[in-house]
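Please find below a colleague's note for your consideration. It is arranged as numbered points and should be read alongside the entry shown here.

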Amino acid sequence: MKESRGRARGHPIELSVLRLAPVRRLLAAQWTSLSGDWAMLAALPFVVYSLGGGAGEIGLGFAASAVSLVCLVLLGGVLADRHGRRRTLLFAETARMVTQAALAASLLLGIARPWQVIVAMAAIGAGEALAQPALSGLTAEIVPAGRLQATNALRGMLASVAVLTGPALAGLALLSGSPGAAVALEAASYGLSALLLRGLRPPGGAWLRGTGGSFLADMRGGWA
């Protein structure tokens, strides 16, 4: 594979880093997860309107996702440090898969309500709050130091790609005429991300180590 160089968020892109199997798994997991996030954001208005809701419920859905992300991201960092980045990521992806699958089933069965959509959006934000710090830490654990910058550049590029692929996939699912299909696709993206992450094994048992300090002390340190 020839090495290609470009620019992504100010860092050089080196495709040669894709020769590393852990990097491929990590990037694929991130892309599928972020695509699921953007798919739900694109599908949210259609889901709410299909349930008889309006602009108010749509706004509450967006707000629930943003507020849960902002309020819980510090907690996510502490949990990742104490219980392992890989384990925290797996929990976040599995939890989002379950909540979105439950919403999809309710939509397909015709028993969903607008408040369930708002709760599902809050779960997406909470999962992202757990996943963001864990993913950054896990990247540093599994990627050789000399390849970390290149890997982060690819992560940034794929995050931008997910902004396009997520809504595109949601649009294809919505063409079936069922908003539940779009939500089911989103749930599947989190499940696929979790499967990819299960194959990652940070060296030296790093994913099993805790911080050794108290939970409140870790929270204070993270805030500082």
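The points below take up confidence, a helix contact, the largest pocket and one proline.

1. Confidence overall. The model is predicted, with a mean pLDDT of 84 for the protein and 83% of its residues at 70 or more. Among the elements, H3 has the highest mean pLDDT, 94, whereas strand S1 (residues 7–8) has the lowest, 42.

2. Low-confidence stretches. The pLDDT is below 50 over residues 1–11, a stretch that nevertheless has 23 contacts in the model beyond near neighbours in sequence. Residues 205–210 also stay under 50 in pLDDT; for them the model has 13 contacts beyond four places in sequence. I would ask that both stretches be read with their pLDDT in view.

3. Packing of H2 and H3. Helix H2 spans residues 55–83 and helix H3 spans residues 85–109. Their axes lie 6 Å apart, at an angle of about 125 degrees, and the two helices are therefore oblique to each other. On the H2 side the contact involves Leu 79, Ala 80, Asp 81 and His 83; on the H3 side it involves Arg 85, Arg 87 and Thr 88. By class, the residues of this contact are three charged, two polar and two nonpolar.

4. The largest pocket. Which residues lie closest to the centre of the largest pocket? They are Leu 34, Asp 37, Glu 128, Gln 132 and Ala 159, out of 33 lining residues. The space in this pocket amounts to about 630 Å³.

5. Composition of the pocket lining. Two or more lining residues come from each of H1 (21–50), H2, H3, H4 (114–142), H5 (148–174) and H6 (179–198). Helix H1 gives the largest share, eight residues. The lining comprises 16 nonpolar, eleven polar and six charged residues.

6. Surroundings of Pro 114. This proline, Pro 114, lies in helix H4. Which residues does Pro 114 contact once its neighbours within four places in sequence are left aside? Pro 114 is in contact with Leu 51 and Glu 57. In addition, the C-alpha atom of Pro 114 is separated by 6.3 Å from that of Gly 53, although the two residues are 61 apart along the chain.

Terms used. Residues are numbered from 1 along each chain as its sequence is written. This is a predicted model: local features need pLDDT of at least 70, side-chain atom pairs count only at pLDDT 80 or more; totals for chains, interfaces and linings use all residues. Side-chain values use heavy atoms; hydrogens and water are left out. Axes are lines fitted to C-alpha atoms, for helices over the stretch in contact, and angles run from 0 to 180 degrees between N-to-C directions. Helices (H or I, at least four residues) and strands (E, at least two) are DSSP runs, numbered from the N terminus. Angles under 35 degrees count as roughly parallel, over 145 as roughly antiparallel, 65 to 115 as roughly perpendicular and the rest as oblique. Contact means heavy atoms within 4.5 Å. Ala, Val, Leu, Ile, Met, Phe, Trp, Tyr, Cys and Pro count as nonpolar, Asp, Glu, Lys and Arg as charged, and the others, Gly among them, as polar. pLDDT is the predictor's confidence in each residue, from 0 to 100. On a 1 Å grid over the protein atoms alone, a cavity is a set of points where a 1.4 Å probe fits but cannot get out, and a pocket is an open set with protein on both sides within 12 Å along at least five of seven lines; lining residues have an atom within 4 Å of a point. Grid points are joined across faces, edges and corners, and a volume is the space filled by probe spheres set on the points.
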